[in-house]
Amino acid sequence: YNHRLSQKGRNIFVDFSLNTASTEQDEERIQETFLYDPAMDTDTYIRTLSDVRNKSLNGGASLAYTEPLGQFSSLEFNYDYNFRNYDNRRFDNALDVSGQPVDDEDIFIGNRIFDYSFVTHRVGANYRYRSEKIIYSFGASVQPSILSGEATIQDQVVDVHRNGLNFAPIARFEYKFSRTKS
């Protein structure tokens, strides 16, 4: 949504988004490994049956406000909020050559579940000058982020929590050359 306010150049912009996705996959793999050890000559056969389920929910909102300062210059303030939620699951069963379950964790990792979210807030401001031949802007934005969730691998749960902070300076210069030739 874009709305021009009463004063020329004064503008407010609002945007929302929401997306969801889901995938399902069944897989069957056969892996044969031959290990040579002088003490024992072995080979390993594993048939893996996998069931994969992935879900995601992503969305965000943006708000921008432009305030004119003069005929050629303006200030812009903006804010963005974004989130991403993921629920990824993989369930594996492994069978040996005779069809018996394989429980050896050195050669087979079974079930894995990753359930996490990532959230960012970005706040920025910049000054813009725009004339017939010259356009330039400068400003900065700051973006804190949070990653949180858990990973479950073979019944062991690992909590994940990370905070981040990104800073981005903004500088742009543009000059329009005339199209006449001498």
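Me: Before we start, what do buried, exposed and partly exposed mean here?
Reply: Buried means under 20% relative accessible area, exposed means over 50%, and partly exposed is what lies in between, with a 1.4 Å probe and protein chains only. This is a predicted model, in which local features need pLDDT of at least 70 and side-chain atom pairs count only at pLDDT 80 or more, while totals for chains, interfaces and linings use all residues. Residues are numbered from 1 along each chain as its sequence is written, and side-chain values use heavy atoms, with hydrogens and water left out.

Me: Okay, where does leucine 49 sit?
Reply: Leucine 49 belongs to strand β3, residues 40-68, where strands (E, at least two residues) are DSSP runs numbered from the N terminus.

Me: Why is leucine 49 called partly exposed?
Reply: Because its relative accessible area is 30%, and partly exposed covers values between 20% and 50%.

Me: And which residues does it touch, leaving aside neighbours within four places in sequence?
Reply: Leucine 49 is in contact (heavy atoms within 4.5 Å) with Glu27, Glu28, Phe91, Asp92, Asn93 and Leu95. For phenylalanine 91, which is 42 residues away along the chain, the C-alpha atoms of the pair are separated by 8.3 Å.

Me: Switching to threonine 120, is that one buried or exposed?
Reply: Threonine 120, in strand β5 (residues 112-130), counts as buried because its relative accessibility is 3%. Beyond its neighbours within four places in sequence, its contacts include Asp80, Tyr81 and Pro144.

Me: What about serine 73, and what does it contact?
Reply: Serine 73 lies in strand β4, residues 73-95, and is buried at a relative accessible area of 14%. Apart from neighbours within four places in sequence, serine 73 contacts Pro68, Tyr127, Arg128 and Tyr129.

Technical notes: Helices (H or I, at least four residues) and strands (E, at least two) are DSSP runs, numbered from the N terminus.
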